[in-house]
Each structure stands twice: as structure tokens, then as C-alpha cells.
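Trainee: Got a minute to look at this one with me?
Mentor: Sure, put it up and ask away.

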Amino acid sequence: MNQIDYTIEPQIIEGNPTQSQVNDAIAKPLETKPTWKYYLALGISVSMLLTGAICLGYTFYYGLGLWGINQPIGWAFDIVNFVFWVGIGHAGTLISAILFLFRQKWRTGIARFAEAMTIFAVMTAGLFPLIHTGRPWLDGYLFPLPNQHHLWVNFTSPLIWDVFAVSTYLTVSFVFWYIGLIPDLAILRDRTKSKVKKIIYSIFSLGWRHSNTHWHHYEMIYLVLAGFATPLVLSVHTIVSFDFAVSILPGWHTTIFPPYFVAGAVFSGFAMVQNVLIVIRKIFDLEHIITLDILEKMNKVMLATGMMVGYAYGMEFFIAWYSGNPLESFVFINRAFGNYAWAYWIMVSCNVIFTQLFWIKKIRRSIIPMFIIGVLVNVGMWFERFVIVVTTTSRDFLPTSWDYFKPTLYDIGILIGSFGLFFTLVILFIRALPVVSISEVKAILPNSQPKHH
Amino acid sequence: MSENTFEFKYEKKVLPQKVFNLGLTLLIVGLIGIIIGFIVNSARTSFNLVILMSWLASIGIGSLFFIGIEYLTGAVWSVPFRRVAEINSAIIWVLPFLIIPILLNIHSLYHWTHTEAVQTDAILKHKSPYLNESFFYIRIIIILVIWYLFYFLFNNNSRQQDNNPNQNFTRKNITVSAIFMPIFAITLTIFAIDWLMSLEPHWYSTIFGVYYFAGTFLAALGAFTFASILLNENGFLAEGLGQDHYYSMGALLFAFTNFWAYIAFSQFMLIWYANLPEETFWYIMRGTGSWLYFSIGLIFVKFIVPYILLLPQPAKMDPKRLKIAAIWILFAHYYDLYWIIMPTYSKNSLPLSWFEIATLIFGIGILVCSFYIFSKRTNLIPIGDPKLKRGLEFHL
Amino acid sequence: MESRKLYAIGALFNDPNKLVKLAKKIVEQGYKNWDVHSSFPIHGLPKIMRLKWSPLGYVALILGLTGTTFGLFLTWWTMSVDYPLIIGGKPWFSFPAFVPVLFELTVLLASVGTAIVMLFIIFKFPNNRHPLHDTDYLKKVSSDNCGLIIEAKDKKFNYDEIKSLFSQFEPDSIIDIYYQEEETSYKPKVFDWKFIVFLIVVAILTSAIGYLFNNVILYLPPFDFMMNQHKLNPQEASTFFNDGFGMRKPVPGTVARGEAFYPFKGKPDEAGTKLINPLLPSKENLELGKSKYNTFCSPCHGWRGEGDSRLNGQFPNPPSLHSEKVRNWSDGRIYHVIVEGQNIMPSYSKQLTEKERWAIVLYIRALQRSLNAKQEDVQ
């Protein structure tokens with residue numbers, strides 16, 4: 001195994017391509033006809049989406065009674081899926097904004113894709129609170145619009161904070177992503193031979209002409225947007241955690257929730273980005289741009305955030321005992337050994353135990369094991385939200401109303417549909433827009449920058 | 001390939017003697033104050049020593065964390081300054097000398113050490129397997145030993161590299177850092193629970209370890225930034241270190257100021273909103289009497305002032321403003337610790353007189369002396385580090 | 001080809017170091033209208049080009065503070081002025097609970113606003129008619145090169161001088177960039193008939209969709225499930241009860257909670273002597289009486305009790321309440337009429353509580369007094 005030489009700057013792009021080779025490599029998926037594999041993948045994800053759409057249609061018509069929710073478990077799959085998908089979105093902003101501020105150049109190859117994933121994941125997530133209201137056609141009232149009833153939303157409610165957080169997050173992520181896309185669209189505009197494509201690219205590139213007087217402002221706004229997106233991404237999952245933590249339910253009300261949720265979100269988001277990137281770099285021959293080093297770094301981040309999540313599990317357990325509050329300790333003993341113990345142990349083993357395999361360099365650098373661990377992490381993080389949402393409510397303060405939640409066909413259908421929506425958007429995206437930022441990759445090519453004088 | 005070919009001409013300079021004299025004077029003045037304090041009011045002095053001890057521990061262990069992060073992320077800008085963080089981390093050797101007088105007065109500090117009071121209190125009785133004196137001592141010893149071990153590993157590898165520029169030392173330290181991170185998290189949390197949270201043995205908050213970490217890292221960064229800029233301006237480090245390096249320090253200070261605010265707000269918000277009496281009393285204590293003004297002051301001292309100081313981009317490159325911000329943040333952590341610890345001593349009014357000032361003077365004296373002594377022993381620049389050249393040439 | 005004009009001369013480079021050297025030279029020589037183009041930002045160039053510090057940071061700060069202020073106003077006004085609600089025992093203006101919303105609004109306005117300012121105000125985008133578009137120069141910049149141009153409108157512009165200056169720095173190629181006047185100076189007209197037709201079509205479509213949604217779709221299942229529930233609304237007929245009324249009367253012989261049994265059934269005179277108004281003619285009671293009178297009595301008796309019914313003869317007009325007879329009635333006697341009804345007037349005991357009946361009596365007294373005022377009332 002050859003060792004890293006620390007005296008030289010690590011090369012991010014392998015093989016030393018020229019600038020036009022970068023153009024060609026990244027624009028290739030947009031300019032070639034898709035193979036049957038692409039249509040197969042699209043077919044599968046669209047049929048998943050349709051399954052979800054049908055279940056959702058039934059839910060709209062007959063109401064939420066079709067779901068498995070009951071008294072006292074009023075929140076179940078809808079909220080679990082919501083938190084899960086919002087969490088997936090967090091990796092994108094972390095990669096594109098936080099790693100940008102920390103000047104981690106290895107983010108370049110994956111930032112664009114991660115940002116797109118953020119947008120799709122947040123869109124998927126945003127669906128769940130909307131359908132969770134039961135009458136989604138009245139969801140306009142979630143916003144503080146002046147209306148004939150002289151009613152306002154309740155700004156002290158964490159659910160309203162969610163409306164603001166998620167919609168802001170979606171908008172700002174979109175702006176960030178689009179600003180990043182403009183120079184790339186201009187490059188595509190200048191190289192395309194098709195007339196229709198040229199018109200489309202011209203419209204969306206807004207007439208960008210690579211002027212350095214523009215780049216000067218552009219770099220500034222990128223910094224400003226990254227500076228805003230960083231606290232924003234923390235705030236979004238923090239506010240999601242407030243949905244639970246401002247209540248007085250033991251198991252929900254605990255002060256570590258905000259940073260713990262954020263760490264968990266980054267954890268699952270990285271797992272998802274890693275999984276999808278592994279597939280994309282293989283299919284589109286981008287192995288020299290999305291390198292194994294990048295994947296290894298992502299695995300390290302997963303190891304770190306996985307341990308943060310483990311720290312939070314431990315801390316919750318310890319304080320549940322330390323507080324001397326019998327309600328607290330009951331909830332946690334019930335989680336580990338009660339009616340949902342199976343879910344709890346799936347969560348612990350996937351999130352804390354399996355990720356420890358990333359301590360081994362060989363596993364960090366081989367594709368199949370890391371892919372499997374990535375999938376397991378996502379399973380684990382989904383079950384983490386399940387454990388938080390369902391176990392706590394299933395054993396509430398009144399033992400006579402204790403109940404057990406079982407998902408119905410519709411719950412599962414909508415869950416499948418959410419994956420279908422997400423992957424359909426991802427699959428369409430990789431054919432419609434450059435999955436790697438061309439201008440950012442060009443900027444870090446070895447000979448693209450002048451030497452310092 | 002693993003040999004470092006970069007030749008760095010470095011001439012070791014020793015800090016002027018007057019620095020040590022100044023530090024020693026402060027130390028002796030403070031020490032006299034503390035000794036008189038012990039005679040006059042041993043309880044109050046012990047409380048002050050807990051503040052001082054946890055402040056110095058923050059600077060030391062936070063610096064170790066900073067070194068570990070540098071190795072793990074492969075950062076280069078901080079390499080020329082790493083010795084400053086290493087020297088700062090040496091402050092943890094002082095901790096036992098502060099801990100022993102505190103332990104002698106432990107009964108006036110920690111309510112849970114009174115076994116007869118624990119017997120009549122159901123909750124404290126429940127906690128007694130963790131909160132009892134002997135286990136407390138064992139934990140202190142284990143934590144200190146672990147910290148010393150990592151201090152030794154980091155520094156030893158780094159110093160050996162000065163004479164033998166071999167990249168294997170960097171690799172070793174990367175491994176040490178990776179192992180250090182989870183252990184750091186656990187020990188720091190236990191440290192925070194033991195020394196700070198258990199002052200109010202009925203109170204609990206799961207985020208408390210993270211809260212103390214945020215302050216810890218800020219204090220370490222403040223000390224690091226201040227010392228680095230001071231040394232660099234006076235020519236103790238290398239040529240060519242400037243704006244771009246300062247910008248990184250400023251950005252980190254700014255980022256973690258925000259992080260602290262985020263953690264502090266999360267803790268306050270959740271307890272305020274849920275309004276459970278077993279949690280809120282901790283904040284109510286800090287909102288009664290003159291403590292209310294002190295608590296409002298905390299928001300300004302620890303968040304708003306450094307935020308405004310560091311917000312503009314040019315400010316993060318301006319060494320003058322950065323020094324002010326760094327030293328401000330370093331002492332803001334002291335303010336924060338005072339806010340955490342002292343309400344247990346004095347419920348209604350702010351205890352602020354020569355006791356507190358003497359302790360602070362003593363603390364500054366220790367810091368200066370320790371910095372002088374440990375800086376004498378090593379090169380101020382890690383001349384054998386393979387990343388040094390890149391660090392010196394670092395540009396944004 | 002006459003319409004083609006020279007826009008600028010461009011030099012294309014593969015090596016950014018050469019370009020930076022040329023840029024330094026150009027600054028030295030004092031050219032003003034020149035620019036560097038590259039498909040990625042070149043580090044250090046803004047300093048060489050002596051560009052001003054980008055104002056976008058301040059734009060973001062100002063917009064962010066605007067967002068915070070707006071958020072603060074919105075939360076304060078809605079939660080503590082317009083629709084105050086006590087939630088969780090918290091004060092109306094509970095600042096910590098508003099922080100998340102304030103923060104989100106700050107970020108939203110600052111980031112979206114700054115992006116808009118940059119794209120549409122500073123860059124004046126969208127602008128697809130710039131002379132550089134569709135030139136070989138720009139295409140090469142997009143793919144492999146970075147380039148530098150000096151525009152023809154520069155005061156120092158001299159074709160040959162610039163050419164020779166460029167060639168000193170060994171560019172890969174030097175290109176003349178031309179443009180067509182009518183293409184770049186084209187301005188879209190607002191009153192173009194195509195645009196107006198487009199506006200009309202949009203207007204018709206949006207109103208049609210709006211109408212369809214609000215007036216048709218929302219009355220179809222499942223959207224009308226809330227409106228059509230299996231329950232009876234007031235005034236609705238029912239097939240369940242024999243008499244066909246959806247609204248039911250109280251069971252005979254029962255008294256509603258808070259009401260007393262009425263002992264003077266069929267005994268108006270006894271009621272007149274024995275019942276005494278328990279209410280004082282306070283402003284509050286008179287207001288209550290007025291509102292209840294206007295609701296229940298005034299349709300037949302008229303706003304002032306003059307017997308001027310608003311029912312347009314569908315029912316016979318009742319006598320005036322200002323007659324000698326009624327004025328001389330005791331309070332209890334009037335009360336009895338409200339409880340039992342009289343002639344064609346039905347009982348109002350189901351609609352009005354005891355207190356409300358007495359309040360109406362007070363109000364009738366006030367009305368009588370107002371139309372038959374005595375001398376001493378004026379004082």
C-alpha cells in the first residue's frame with residue numbers, strides 16, 4: 001500500500017485531464033443516448049413512485065384512517081419519513097457549504113450532486129407534513145397569510161417553525177444550486193450543437209459570459225450563501241428536533257436533541273450520497289473525478305458522525321438514569337427491552353456497531369463493503385426516527401391507552417413512493433444537468449491557476 | 001519519498017525574561033490573594049478555584065483537540081502555529097495543583113458529598129452509585145492520566161520530528177488523533193458533569209457536555225490565536241505568515257462563537273419551553289436578583305460582542321482586531337464558567353470582590369509562566385513537519 | 001457585412017500565467033474597458049484588475065436585518081396584538097419561541113435577495129444579446145482557454161498597437177470580435193400584439209382555473225366530506241322524526257339548567273304584581289337588552305317599538321309598545337308576555353334566558369321613556 005506524501009498537496013482529480021476533457025467527461029451523460037439500463041432504472045423508480053401515488057390517492061379520498069396510526073400513536077410513518085428525508089438533505093448542504101467554508105477541496109467533485117440531492121430530499125420530505133394534515137388542499141393556511149377569518153398561525157408552535165425552516169431551506173438550497181449551475185449552463189450553451197438545447201441553456205444561463213468582473217462578485221456571493229446556508233442547515237434539523245424536544249414527553253424532551261439530530265442527519269445524508277455516487281461514477285465513467293479518495297473521506301465523515309450519534313444514545317441513557325426521574329428511565333428501558341426492542345437494536349447495530357468497520361482502511365476503500373454499510377446506515381437512521389417517534393408515544397402516561405403500531409399497506413406504499421419520487425428525480429437530473437460542477441473542477445486542475453507571485 | 005527534503009532555516013528565539021517576570025509577579029500576587037482567601041472564606045475561594053481549574057483545563061484540552069483536528073483533516077495553514085497549541089496544552093500539568101486544594105474543601109462545594117444529606121434525599125440516593133466521593137476521585141485520576149497520555153504522545157511525536165524529519169511521526173499522530181477523538185468526547189463530558197453539572201446535583205441536561213465543549217474549544221482557540229499573532233508579530237515565528245493564516249483563525253473563532261450560541265440557545269430554549277420544574281430551577285437561579293443582569297450580560301459578552309467584532313471579512317484578517325477578539329473570547333469563557341459555578345455559592349447576589357480578582361490574576365500568571373517555561377523547551381515552529389512548507393506558503 | 005462592427009480584440013491563452021502578466025501590463029498602460037474571461041475564477045485576478053471590494057456582503061447584511069425586523073414585527077403583531085393567544089402559559093410576546101422564525105426569515109431574505117441583486121441589478125441579467133455571445137472567442141473560453149479582451153470603445157484603443165502588445169505575450173490566438181448593431185440594440189416592446197395576446201391568455205386561464213377550483217372542484221368529493229356529514233344542521237328537515245323537524249323542542253316538563261320553573265303560567269295579572277325586575281338599568285344590561293331586542297323583537301315591533309314591522313304585511317302588525325296600556329304595565333307583566341306570548345305572538349322562552357328577558361324589559365322601558373320624555377328628563 002503506498003503511503004500519502006504530506007509534503008505535496010493531494011491531487012483531487014486523477015489522471016491530470018485538460019480543461020476540455022473535463023468538459024467532455026462531465027457533459028457526456030447529457031449528450032449521449034441513454035442505454036437500456038437507464039430506462040430500467042427509471043422504470044423501477046417510476047413504478048415505485050406510482051405505487052406511492054396510488055396509496056396517496058386513496059389516503060386523500062378516504063382520509064388518514066387508512067394508515068396504521070391509532071390512539072395514542074398519532075405520529076408514525078409520516079413523521080418518521082419526514083425526519084428521515086430532511087436528514088438526507090443535510091449532507092448536500094454540509095458538503096456544498098460547510099466544507100466550502102472549511103476549504104476542503106475534495107468536496108468539488110461531489111458538491112453539485114449533493115446539492116441536487118438536498119433539493120430532491122427536501123421536496124420529498126416536505127410532502128409528508130402536507131399529507132399528514134389530512135386535508136392537504138387546505139395547507140395554504142400553514143403560512144401566515146391574511147385571511148377572512150382574521151386568524152394567524154401560532155408562531156410559538158414548533159410545527160410552524162418547521163414550515164418556515166423547511167421552505168426556507170428548500171428555497172435557499174435551490175438558489176445556491178442554481179447560482180452554481182449558471183457558469184456550467186453557459187459552458188453547455190457554448191458547446192451544444194442542438195438548436196432547442198441551445199435556447200434552453202441560453203435562457204437558464206441568463207447570458208453568463210465568464211467575465212472576471214462577474215466572477216469577482218460571484219465568488220463573494222458564494223461565500224455569503226455558504227455563510228448563510230451553514231447556520232441554516234443546523235437550524236433546520238434543530239427545528240425538526242424541537243418538534244419533539246419542546247414537549248414534555250420523556251424520550252422526546254431532552255436537551256441534546258438539536259446537535260444529535262444534526263449529526264444524525266449528516267450521517268444518513270452522507271450514506272445516501274455515497275451510495276448514489278458509487279453507482280453514478282461507475283455508470284458514467286467519472287471515476288477519475290469522483291475518486292476513491294473522496295469516497296474514503298466520506299466514509300470517515302460517516303464514522304465520525306456515527307460516533308456522535310452513538311455519543312448521544314449513550315448520553316440519553318446515562319442522563320435518563322442520572323436524572324432519577326422514573327418516567328425517563330422507564331422510557332429508555334422500554335426502548336431497549338420493551339415492545340419495540342427489535343427496532344431499537346436494528347438502530348443501534350446499524351448506526352453504531354457496523355460503522356465501526358470504517359476504522360479499517362481496507363473497508364473504507366473497497367466499494368462493495370462501503371456500499372453495504374451505507375445502506376445499513378440508512379436503514380438504521382430510518383429506524384432511529386421510528387424508535388423516537390413510535391416507542392415514546394406507544395407507552396404514554398396512561399397505561400390503559402397503551403397500544404402497538406402496525407403499518408398498513410398504505411403506510412408502506414407511501415414509504416416506497418417517497419423513495420420512488422426521490423430516485424426518479426435523481427435519475428432525471430443526471431441526464432438533464434451536469435452532475436459535477438464543471439467550473440469548480442476546472443478551477444482546481446493542476447495548471448489552471450497562475451503561480452503566486 | 002517519506003523523507004522530507006524541504007530545508008527550513010530556523011533560528012530558535014527564546015521569549016524575553018520579562019515575560020516570565022511578569023507572569024511570576026501575577027502568579028505570586030494571585031497566590032497570596034488565594035491563600036488569604038482560604039483563611040478568610042475557604043468556601044468562596046474553593047468555588048473560585050473550580051472556575052479557574054475548569055478554565056485552564058479548557059485551554060489545555062481544547063488545544064489538544066485542536067492539534068488532533070489539524071492532523072485528522074490534513075490542515076496546512078495551522079502547521080506553522082502548531083507549537084503554540086502544543087505549548088498551550090501543557091497547561092494541563094497544572095491541574096493537580098489546583099485540584100488538591102479544591103478536594104480538601106469538597107464538602108463546601110458539592111452537596112452530594114454530605115452522606116447524611118444524601119440519605120434523606122431520594123434522588124441523591126439514587127445517584128449515589130455515580131456521585132460519591134471515592135468514585136469521583138477515581139474518575140479524576142483516570143481522566144487526568146488519559147489526558148497526560150495523549151499530551152505525551154502528541155508532543156513526543158511532534159518534537160522528535162524536529163530532529164528527524166520523518167513522515168512516519170505525522171502518520172503516528174494521525175492515528176493517535178483518531179483514537180483521541182472519541183476518548184476526548186467521553187472524558188470531557190464526564191469532566192463537565194462531575195465538576196460543573198453536579199454542583200447542582202438535582203439538575204440534569206443531556207447537552208451539557210456539548211455546551212462545555214463549545215466553550216472549551218473557543219477558549220483554546222482564543223488563547224491560540226492571541227499567542228500566535230503576538231509571537232508572529234514579534235518575529236518569533238517564520239517569515240510570510242500573515243493575513244491568510246489570520247483569516248483562518250478569525251473564521252474559526254467566528255464559527256465557534258456561533259456554535260456556542262447555538263448550543264446555549266438550544267439548551268435554554270428547550271428547558272424554558274417545556275417548563276419542567278426539575279430543570280427550570282437552574283435557569284431561575286440565574287434569573288434572580290443581580291444574577292439576571294449577569295445572565296443577560298453573558299449573551300453580550302460571549303455572543304454579540306465577538307460576533308460583531310468578527311463579522312466583517314476584513315476584520316478576520318486584521319491582527320489588531322483579531323487579538324482583541326481572541327483575548328475577549330478567552331475571558332468570555334471565564335465569564336461563562338463563573339455564570340455556571342457561582343450561583344451555587346451565592347443564590348441572590350453576584351459575589352464579586354478581591355477573591356475573584358485574585359483568582360483571575362493567579363490564573364493569568366499561571367498561563368504566562370507555563371507558556372514561558374514550555375516554550376523554552378522546544379522550537380516554536382515544527383521544523384520537521386512535512387506539511388510545514390505548504391503551511392508557510394498557504395494562500396486562501 | 002456593413003452592419004458588423006468591431007467590438008473588441010481578444011487574446012486567448014492556455015497558460016494562465018501569461019494571461020496574468022498581460023493583465024498587469026494592461027493595467028499599467030491605463031486601459032479602462034477591458035476584461036478577462038475564463039470558465040472558472042482565476043485567483044488573485046480581482047486584485048490585479050483593481051476591482052472594487054464586492055458590496056454583496058453589505059447587501060446581504062442589510063437584507064438580513066430587514067428580514068429580522070420584518071419577522072419581529074410579524075410575530076409581535078400577530079401573536080400579541082392582532083390575535084393574542086396564551087400558549088403553554090407563555091406570555092404573548094415570548095421571544096425565545098420566535099427566534100426560529102426570525103432566523104429563517106433573516107436567512108431567506110438575505111440569501112434570495114442577495115442573489116437577485118447580483119444577477120439582476122449588478123450583472124443586468126438576463127442578457128443574451130451581449131456582443132460576446134456566439135463568438136468563437138467565448139466558445140474557446142468555455143472549453144479550453146482563458147481570454148482577455150480590450151473593447152473598441154476604450155479611449156486608448158488602437159488596433160495595431162493592441163495587436164502588437166498582445167503578440168508580445170505569446171497568446172495561442174488573437175481574435176477580432178465583431179457584433180451586429182441591430183442584434184445587440186434590440187429591445188423587446190411591451191405593446192407587441194403577441195405579448196398582449198399572451199397576457200390575455202394567461203389572464204383567462206388563471207381565472208378559469210381559479211373559478212373551477214373554488215366553485216366546482218371544492219364541492220366534489222372528497223373535498224366536500226366536511227360539509228356533508230351525517231348530522232343535521234339547524235333548520236334542516238329530518239325524515240327520522242314524525243313531525244319532520246330536524247330541530248327538537250325540549251322534553252315536556254323539564255327545565256333547562258340555570259332556569260327556574262315559571263310559576264305564573266296562564267296568570268298574567270299575578271305575574272304582573274308578583275314579579276320584580278332583578279336587573280338594574282346599568283349600561284351593560286341596557287346594551288344586552290338592546291341587542292336581544294333588535295334580534296328577536298324588532299322584526300315585528302320595529303326598531304323603536306312603534307309597531308312598524310319590517311315583515312311587509314306577512315304577519316299582522318303588532319300594537320305599539322308606547323300605548324298608554326303598555327306604559328302602565330308593570331315590568332312583570334311585560335316579562336310574562338315574553339315568556340308566554342300573547343295573541344299571535346309566540347313564546348320566546350326557548351330563545352331567551354331569564355336575564356336576557358329582563359334586559360329586554362329594561363330596554364323597552366328606556367324606549368318608552370325616550371318617546372314620552374318628561375320635563376325632568378331633559379336636565
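**Strands of chain C**

Mentor: In chain C, 7 of the 10 residues of strand β1 (residues 4-13) are buried, so the strand is largely enclosed by the rest of the structure. Buried means that 20 or more other C-beta atoms, placed from the backbone, lie within 10 Å of the residue's own. Strands are DSSP runs (E, at least two residues), numbered from the N terminus.

Trainee: How were things numbered and filtered?
Mentor: Residues count from 1 along each chain as its sequence is written, and chains are lettered from A and ligands numbered from 1 in the order in which they are written. This is a predicted model, where local features need pLDDT of at least 70, side-chain atom pairs count only at pLDDT 80 or more, and totals for chains, interfaces and linings use all residues.

Trainee: Which way do β1(C) and β4(C) pair, parallel or antiparallel?
Mentor: Antiparallel, over 8 bridges, with β4 spanning residues 173-180; pairing needs at least two DSSP bridges between the strands. Ala11(C) sits opposite Ile174(C) there.

Trainee: And how many bridges link β1(C) and β3(C)?
Mentor: There are 6, again antiparallel, and β3 covers residues 146-151. Gly10(C) has Ile149(C) as its bridge partner, while Leu12(C) faces Gly147(C).

Trainee: Why is β3(C) called largely enclosed?
Mentor: Because 5 of its 6 residues are buried. β3(C) also pairs with β2(C) (residues 34-38), antiparallel over 5 bridges, and Ser38(C) is matched with Cys146(C).

Trainee: New topic: how many residues do chains B and C put into their contact?
Mentor: Chain B gives 7 and chain C gives 6, counting C-beta atoms, placed from the backbone, within 7 Å.

Note on methods: Two residues are in contact if their C-beta atoms, placed from the backbone, lie within 7 Å. A residue is buried if 20 or more other C-beta atoms lie within 10 Å of its own, exposed if 12 or fewer, and partly exposed in between; C-beta atoms are placed from the backbone. Helices (H or I, at least four residues) and strands (E, at least two) are DSSP runs, numbered from the N terminus.
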